[in-house]
Amino acid sequence: MQGIPTNIKLLSFAKKGLIFSQTYTVKDFPRIKDIVSNVDDPVEVKLNFYIENNKIPCIEGNVKLDVALDCQRCLKEVKLHLNPAFKLAFIIHENQAEDLDPGFETILNASEEFSTIEFITDEVLISVPMIPMHSHECQSYKDESPVIKQKRKNPFAVLEQLKNSNKE
Ligand SMILES: [Zn+2]
């Protein structure tokens, strides 16, 4: 395994069957750095290039990183683990997609050469939740009004009534 070059040369890498692995830091990705607060955390990237159906260049890979975002419920930091994985086939004609395994996501008319950082950024950003939130009840739990608390007790009150009526 070797470090990932700055630019991806799609057909050339795919023909050689290159496999890359590299650990970046979040701040290496300007568009990710802009939206998170853990800019020094690692980003592990694996990319595997190959040719499918004798002519279609493909990239299979995965990225592992944590992103620290603002929870949209309590506005405190929430750290989420992201692990986007992708299996992309770069086709020239739409009909090339018909012969491909359905597990591929097809990309039409990509450039032959493109920025590795921008490519990885796109794959990461689509895996970032639109509304990041803590998995536990953060703000809403603390802010519950007495009225809602009263409502939440009701199911138990009903159960209590049922138990009592059964006894009679
Ligand atoms: Zn929260």
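These are my notebook entries on what I looked up in this structure.

**Entry 1: the overall layout**

I began by noting that the model is predicted. I then looked up the secondary structure, and the protein comes to five helices and eight strands. Following the sequence from its start, I read the pattern as β-α-β-α-β-β-β-β-β-β-α-α-α. I also looked up how much of the protein is buried, and found that buried residues make up 33% of its 168 residues. For contacts with a separation of 6 or more, I noted that 55% come from residues 24 or more positions apart.

**Entry 2: aromatic rings**

How many aromatic pairs does the structure hold? I found eight of them. One that I followed up is the pair of Tyr-50 and Phe-104, which is tilted, with 6.5 Å centre to centre and 55 degrees between the planes. Tyr-50 belongs to strand β3 (residues 42–52), while Phe-104 sits in the loop between β6 (85–91) and β7 (105–108), so this pair ties together parts that are 54 residues apart in sequence. I checked the accessibility of both partners: Tyr-50 has a relative accessible area of 19% and is buried, and Phe-104, at 10%, also counts as buried. The value for Tyr-50 is under the 20% that sets the limit for buried, so I wrote the cut-off beside it.

A further pair that I looked up is Phe-114 with Phe-119, again tilted, at 5.6 Å centre to centre and with 55 degrees between the planes. Both of these residues are buried, and together with Phe-86 and Phe-90 they form one aromatic cluster. Returning to Phe-104, I noted that Lys-87 lies over the face of its ring, at 4.7 Å from the ring centre.

**Entry 3: the largest pocket**

I next looked for open space, and the largest pocket has a volume of about 180 Å³. Which residues are closest to its centre? Of the 13 that line the pocket, these are Leu-10, Pro-57, Phe-90, Ile-92 and Ala-110. Phe-90 was already in my notes as a member of the aromatic cluster. The elements that give two or more residues to the lining are α1 (10–16), β4 (56–70) and β6. By type, I recorded eight nonpolar, three polar and two charged residues in the lining.

**Entry 4: two residues with positive phi**

I looked up two asparagines whose backbone angle caught my attention. Asn-53 has phi near 50 degrees, a positive value in a residue other than glycine, and its place is in the loop between β3 and β4. At 31% relative accessibility, Asn-53 counts as partly exposed. For Asn-109, phi is near 55 degrees, again positive in a residue other than glycine. Asn-109 is found in the loop between β7 and β8 (113–115), and at 55% relative accessibility it counts as exposed.

**Entry 5: residues that meet across the sequence**

Is Leu-69 buried or exposed? This residue, found in strand β4, is buried, with a relative accessible area of 7%. Its C-alpha lies 6.7 Å from that of Ser-37, although the two are 32 residues apart in sequence. Leaving aside neighbours within four places in sequence, I listed the contacts of Leu-69, among them Ile-35, Val-36, Val-78, Leu-80, Val-128 and Pro-132.

Met-133 was my next stop, in the loop between α3 (116–125) and α4 (139–143). Met-133 is partly exposed, with a relative accessible area of 37%. Not counting residues up to four places away in sequence, Met-133 touches Cys-71, Gln-72, Arg-73, Val-78 and Leu-80. For one of these, Gln-72, I noted a distance of 5.6 Å, C-alpha to C-alpha, across 61 residues of sequence. Val-78 and Leu-80 are thus on my contact lists for both Leu-69 and Met-133.

Last, I looked up Glu-113, whose place is in strand β8 and which, at 41% relative accessibility, counts as partly exposed. What does Glu-113 touch, not counting residues up to four places away in sequence? I found Asn-7, Ile-8 and Lys-9. Glu-113 and Lys-9 are 104 residues apart in sequence and 4.6 Å apart in space, C-alpha to C-alpha.

Key
Residues are numbered from 1 along each chain as its sequence is written. This is a predicted model: local features need pLDDT of at least 70, side-chain atom pairs count only at pLDDT 80 or more; totals for chains, interfaces and linings use all residues. Side-chain values use heavy atoms; hydrogens and water are left out. Rings of Phe, Tyr and Trp (its six-membered ring) pair if their centres lie within 6.5 Å; planes under 30 degrees apart count as stacked, over 60 as edge-to-face and the rest as tilted. Helices (H or I, at least four residues) and strands (E, at least two) are DSSP runs, numbered from the N terminus. Buried means under 20% relative accessible area, exposed over 50%, partly exposed in between (1.4 Å probe, protein chains only). A charge sits over a ring if NZ of Lys or CZ of Arg is within 6 Å of the ring centre and within 35 degrees of the ring normal. On a 1 Å grid over the protein atoms alone, a cavity is a set of points where a 1.4 Å probe fits but cannot get out, and a pocket is an open set with protein on both sides within 12 Å along at least five of seven lines; lining residues have an atom within 4 Å of a point. Grid points are joined across faces, edges and corners, and a volume is the space filled by probe spheres set on the points. Ala, Val, Leu, Ile, Met, Phe, Trp, Tyr, Cys and Pro count as nonpolar, Asp, Glu, Lys and Arg as charged, and the others, Gly among them, as polar. Contact means heavy atoms within 4.5 Å.
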